[in-house]
Amino acid sequence: MTTTLWAYPSQHYDGAKTVQGDKTYTGGTPSWVIWQLLTRYTREGDTVLDPMCGGGTTLDVCADIGRVGVGYDLVPSRPDIKQSDARGLPMKDDSADFVFLDPPYSTHIDYSNHPDCIGKLDSSEAAYYEAMAGVFDEVYRVLRDRRYMAVYISDSWRKQRGVAGGVFMPIGFELFAMLRENFRPIDVVCVVRRNSKLRQGNRHMAAAKDNFFIRGFNYLLIFKKEEA
Ligand SMILES: C[S@@+](CC[C@H](N)C(=O)[O-])C[C@H]1O[C@@H](n2cnc3c(N)ncnc32)[C@H](O)[C@@H]1O
């Protein structure tokens with residue numbers, strides 16, 4: 001990809017001939033997004049950390065292209081993902097060459113019943129951003145100097161009784177502002193979404209009738225750690 005608008009016909013970089021991550025995992029990251037990042041920002045043998053590893057997509061992409069994948073999750077879905085809260089990783093300072101992060105953004109997916117799941121926090125409230133600040137501090141600590149990290153995130157919108165126009169949560173802008181306090185912004189990429197909800201005609205009719213927009217893209221916020 002050579003522009004800041006990324007669109008791809010499949011979730012996977014080889015046209016779904018092979019599958020990275022877990023097809024049945026709700027909320028998995030498109031593997032081609034991770035592939036694009038790793039081929040641009042890492043070299044063979046580099047250590048790539050995903051502290052919210054979900055179905056393990058990052059680990060599978062790493063295995064495909066010769067990176068050392070390190071995956072953690074609050075509730076690991078497979079044995080090569082280790083258990084940890086992303087706000088307190090059992091990793092040494094300056095030990096990762098790249099960090100990829102696809103965090104929960106609001107409460108619409110039920111990842112687990114773990115009380116520390118960030119997916120239980122409403123992104124219209126301060127607690128969500130406080131939790132994400134803790135994750136970003138930890139990413140800063142474990143990332144090597146002059147190395148890159150990327151956050152895949154979407155804004156959110158929901159209907160609310162008594163609130164005309166519903167509630168819009170500009171999560172992408174909020175997280176960008178938080179990240180640039182410590183990291184240097186490298187770029188913002190717009191990734192076109194292709195999920196099944198976007199193909200539901202009734203949702204498009206509701207969007208026009210009720211005056212809201214369906215989320216059509218995710219942000220990819222790319223930053224670099226520069227201690228100096
Ligand atoms: C959007 S999913 C990640 C998807 C993953 N990249 C994939 O491709 O399957 C977000 C993940 O964050 C995890 N999570 C939520 N709160 C967490 C926390 N405090 N620490 C670590 N992981 C957490 C959830 O369990 C969930 O697996």
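Let me begin with how elements are assigned here: helices (H or I, at least four residues) and strands (E, at least two) are DSSP runs, numbered from the N terminus. What you have in front of you is a predicted model, in which local features need pLDDT of at least 70 and side-chain atom pairs count only at pLDDT 80 or more, while totals for chains, interfaces and linings use all residues. Residues are numbered from 1 along each chain as its sequence is written, and side-chain values use heavy atoms, with hydrogens and water left out.

I will take the largest pocket first, a pocket being, on a 1 Å grid over the protein atoms alone, an open set of points where a 1.4 Å probe fits, with protein on both sides within 12 Å along at least five of seven lines. The largest pocket holds about 1300 Å³ of space, and of its 48 lining residues, meaning those with an atom within 4 Å of a point, Y105, I109, R193, N195 and K197 are the closest to its centre. Two or more residues of that lining come from each of β7 (156-158) and β9 (184-192), and β7 gives the largest share, three residues.

Now to the ligand, which takes up the space of the second largest pocket, in the sense that more than half of its atoms lie within 2 Å of the grid points. That pocket has a volume of about 440 Å³, and among its 33 lining residues Y25, M52, G54, D73 and Y111 lie nearest the centre.

Around the ligand itself there are 24 residues, each with a heavy atom within 4 Å of it, and those that come nearest are Y25, T29, G55, T57 and D73.

Which polar atoms lie close to nitrogen atoms of the ligand, taking a polar contact as a pair of N or O atoms within 3.5 Å? A polar side-chain atom of T29 is 2.7 Å from a ligand nitrogen, a backbone N or O atom of A86 is 2.9 Å from one, and a polar backbone atom of I118 is 3.0 Å from one. Taken alone, the ligand exposes 610 Å², of which the protein buries 99%, with areas from the Shrake-Rupley method and a 1.4 Å probe.

Key
A polar contact is a pair of N or O atoms within 3.5 Å; within protein, one must be able to donate a hydrogen and the other to accept it, and residues adjacent in sequence count only if both atoms are side-chain atoms. Grid points are joined across faces, edges and corners, and a volume is the space filled by probe spheres set on the points.
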